[in-house]
Amino acid sequence: QVQLAESGGGLVQPGGSLRLSCAASGIIFDWYTMGWYRQAPGKQRELVATIAGGGATNYADSVKGRFTISRDNAKNTAYLQMNSLKPEDTAVYYCHAEGRIVGNQYKYWGQGTQVTVSS
C-alpha cells in the first residue's frame, strides 16, 4: 500500500520559514518524481515544485528564490524548505508522487498539511 505522509506544517509569521517533509512508503522512491502542490481556500490546487529521481527541479514562478525542494532517496523522503513566507503562501500543501513504470503511469497524493502565514 502506497503512503505519502506529510509533516512540518503550522503557523508562521510573514518572513518566517518552515520545512515540510514527505515520507513515502510502498513505492520504489528513486523511480518517482516527487512534487509539492498547494490549495488555498476557494482556489484550485496548484503546482509548487517538483524534483525528479535524478534531482532535476522545477518551481512555480511565485516561489522561485524562496522555496527549495529536495529529496533523500536513502530515506524515501522529499522536503520543501520554505523561506520568506508570505500570507499568500497560506494553503494546504500536498505531497505528490508520479512515476511511469513499464508503460503505466502511477500518481499518488498525501493527505496534506496546513501552512498558515499570518501575524
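This passage walks through the aromatic pairs, ring-and-charge contacts and salt bridges of a predicted model.

Aromatic rings make a handy starting point. The structure has 3 aromatic pairs in total. One of them brings together Tyr32 and Tyr108, whose ring centres sit 6.2 Å apart with 45° between the planes, a tilted arrangement. These two tyrosines come from distant parts of the chain, 76 residues apart. Tyr32 belongs to the loop between β3 (18-25) and β4 (33-39), while Tyr108 is part of strand β10 (residues 104-109). Their surroundings can be described too: Tyr32 is buried, at a relative accessible area of 4%, whereas Tyr108 is partly exposed, at 24%.

Next comes the pair made by Tyr37 and Trp109. With the planes at 70° and the ring centres 5.0 Å apart, this pair counts as edge-to-face, because planes over 60 degrees apart fall into that class. Here, too, distant parts of the chain are linked, since Tyr37 lies in strand β4 and Trp109 in strand β10, 72 residues apart. Tyr37 is buried, with a relative accessible area of 19%, which just means that its value falls under the 20% limit for that label. Trp109, on the other hand, is partly exposed at 38%. The two rings also have company, as Tyr37, Tyr94 and Trp109 make up one aromatic cluster.

Rings meet charges as well. Tyr94, already mentioned as a member of the cluster, has Arg45 lying over its face, 3.7 Å from the ring centre. A second contact of this kind involves Arg19 and Tyr79: the charged end of Arg19 sits over the tyrosine ring, 4.0 Å from its centre.

That leaves the contacts between charged side chains. Side chains of opposite charge can pair when their charged atoms come close. In this model, the count of salt bridges comes to 4. Among them is the one between Arg38 and Asp89, with 2.9 Å between the closest N and O atoms. This bridge spans 51 residues of sequence and links distant parts of the chain, with Arg38 in strand β4 and Asp89 in the loop between β8 (77-82) and β9 (91-101). Both partners are tucked away: Arg38 counts as buried at 6% relative accessibility, and Asp89 is buried as well, with a relative accessible area of 1%.

Asp89 also has a salt bridge to Arg66, at 2.8 Å from N to O. Arg66 lies in the loop between β6 (57-59) and β7 (67-72) and Asp89 in the loop between β8 and β9, so the pair ties together parts that are 23 residues apart in sequence. Like Asp89, which is buried, Arg66 counts as buried, in its case at 10% relative accessibility. Put together with Glu46, these residues form a wider arrangement: Arg38, Glu46, Arg66 and Asp89 are linked in a network of salt bridges.

Another of the salt bridges joins Asp61 and Lys64, whose side chains meet at 3.1 Å, N to O. Asp61 counts as exposed, with 65% relative accessibility, in contrast to the buried Asp89 at 1%.

How values were computed:
Residues are numbered from 1 along each chain as its sequence is written. This is a predicted model: local features need pLDDT of at least 70, side-chain atom pairs count only at pLDDT 80 or more; totals for chains, interfaces and linings use all residues. Side-chain values use heavy atoms; hydrogens and water are left out. Rings of Phe, Tyr and Trp (its six-membered ring) pair if their centres lie within 6.5 Å; planes under 30 degrees apart count as stacked, over 60 as edge-to-face and the rest as tilted. Helices (H or I, at least four residues) and strands (E, at least two) are DSSP runs, numbered from the N terminus. Buried means under 20% relative accessible area, exposed over 50%, partly exposed in between (1.4 Å probe, protein chains only). A charge sits over a ring if NZ of Lys or CZ of Arg is within 6 Å of the ring centre and within 35 degrees of the ring normal.
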